[in-house]
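Here are a couple of exercises to work through with the structure open beside you. Try each task before you read its solution.

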Amino acid sequence: MVVSPLCWLYCLLFSTWWWLTVSTSEMVFFPLTHSLSKTQFTTPHHLLKTTSARSASRFRHRHHRHKQVPLPLSPGSDYTLSFTLGSPSSPTISLYLDTGSDLVWLPCSPFECILCESKAPPLSPPLNLSASASAVPCKSSTCSAAHSSLHSSDLCAIARCPLDYIEMSDCNSYPCPPFYYAYGDGSLIARLYKDSLTLPNSLSVQNFTFGCAHTTLGEPVGVVGFGFGRLSLPAQLSSVSPQLGNRFSYCLISHSFDSDKVRIPSPLILGRHEDKEKQLGNKIVQFVYTDMLSNPKHPYFYSVGLEGISVGKRKIPAPENLKRVDRRGSGGMVVDSGTTFTMLPASLYESVVAEFDHRVGRYYKRASEVEDSTGLNPCYFYDKVTKVPGITFHFAGNESGVALPRRNYFYEFMDGGDGVGKKRNVGCMMLMNGGDEEELSGGPGATLGNYQQQGFEVVYDLENRKVGFARRKCSSLWDSFEN
């Protein structure tokens, strides 16, 4: 593969900027790397089918936790970040970033991944625990958090701590029992350890808690959970530096699955003050904010209210369950870095598709065979540049409309490029059907995927419980932070 000069320039710059710091007490930033590898996908259809299936599995798993069909973690859908555990001179560890979960875990030696034969190799070798690492005691509150808030006395009993020791709260020498953790596309069993974690600029977090997994199902790569929860990276960072841990954002490079574009790192920013958001060069950047919704069943989700979606000038109201979260944890829209495509409840999805097809289908032929092979629809064949209506998400709150760039919701590629059949231009809408409202009971009503977040800086203000969006040229953010 020939790499463009621009790509080489960015790679050179970021190999040098990895440890760059901007006002350590207020803000640090470092690159997220996209995991896309074209070598694993034979055609665009294969790529889209894999990522759409994974998005659907991850979304539906949240409603049927023990009934999922495990799907392997699919490259081309997630972003990775790197750090070190133990000594700052230890090998760098690269893991997936996930705002939809609250645990930091990584493969530990010896490591076995079941049903991972066809997957890309792990980003980093399995971890050998350093001499400074220690097991988390069974009486620790972090142990309870890993076991879904099971009482520490029960956990110490499972760890075989004697009864008289439990009664005297003297079980420090008994480690936290192994715990089970599941995603929409795999699962794992891990133990909790603590060690020092070193972030870019050599910021160190002592006694950082993480899961050490020796066996996983369909999960060859570890995860850095950025969701709500005391085990997430932001929560643990806030204990050392509240101004860094209470606020983070990322700006995902617009790539359209182009491997050259995804080589350009996307900025992840920890911290950041309000007055630094408004000025970008000579331009004032306006953020659109919406309040986070509390979810009693899934407290680690960043849920927001969705009022409706506009297709062109027509605003389609969202069902009531997307505007709030009830006591059972049903409803709302989760802003998720780990899901590729946006998932909508059937009624809203079908209304959006009907309006989109009403405006586009009169001019272009539906590509039903492409829809079957990619898992996306509607898709259309076209000869010339297509004219498609704009799509805007209206979140709860005044002036909360977020207009998506065309490339964020309409993917265009060459059908027949594999040498089989006639070559034709085809375009597909990249929003997905998440299922009927009844099927979604007990979990999120919708998910905002990372593909639709490209080209926006997405801010998670944990202190004020808000999520913000601002259009950005993400690659140029590095220059603004340097100045």
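Buried means under 20% relative accessible area, exposed means over 50%, and partly exposed is in between (1.4 Å probe, protein chains only). This is a predicted model, where local features need pLDDT of at least 70, side-chain atom pairs count only at pLDDT 80 or more, and totals for chains, interfaces and linings use all residues. Residues are numbered from 1 along each chain as its sequence is written, and side-chain values use heavy atoms, with hydrogens and water left out.

**Exercise 1.** Find Thr80 and work out whether it is buried or exposed.

*Solution.* Start with the address: Thr80 belongs to strand E2, strands being DSSP runs of E with at least two residues, numbered from the N terminus. Next, check the accessible area. Thr80 has a relative value of 7%, so it counts as buried. Finally, look at who it touches (contact means heavy atoms within 4.5 Å). Leaving out residues up to four places away in sequence, the contacts of Thr80 include Pro31, Leu32, Tyr96 and Leu123.

**Exercise 2.** Which strands pair with E7, and over how many bridges?

*Solution.* Two strands pair if DSSP finds at least two bridges between them. Go through the partners one by one:

- E2 (residues 79-85) runs antiparallel to E7, with 2 bridges; Thr84 sits opposite Thr198.
- E5 (residues 134-135) is also antiparallel to E7, again over 2 bridges; Ser134 has Lys194 as its bridge partner.
- E6 (residues 179-183) pairs antiparallel with E7 over 5 bridges, with Tyr183 matched to Gly186.
- E8 (residues 204-217) is antiparallel to E7 and joined by 11 bridges; Leu192 partners Gly211.

Last step, burial: E7 spans residues 186-198, and 10 of its 13 residues are buried.

Technical notes
Helices (H or I, at least four residues) and strands (E, at least two) are DSSP runs, numbered from the N terminus.
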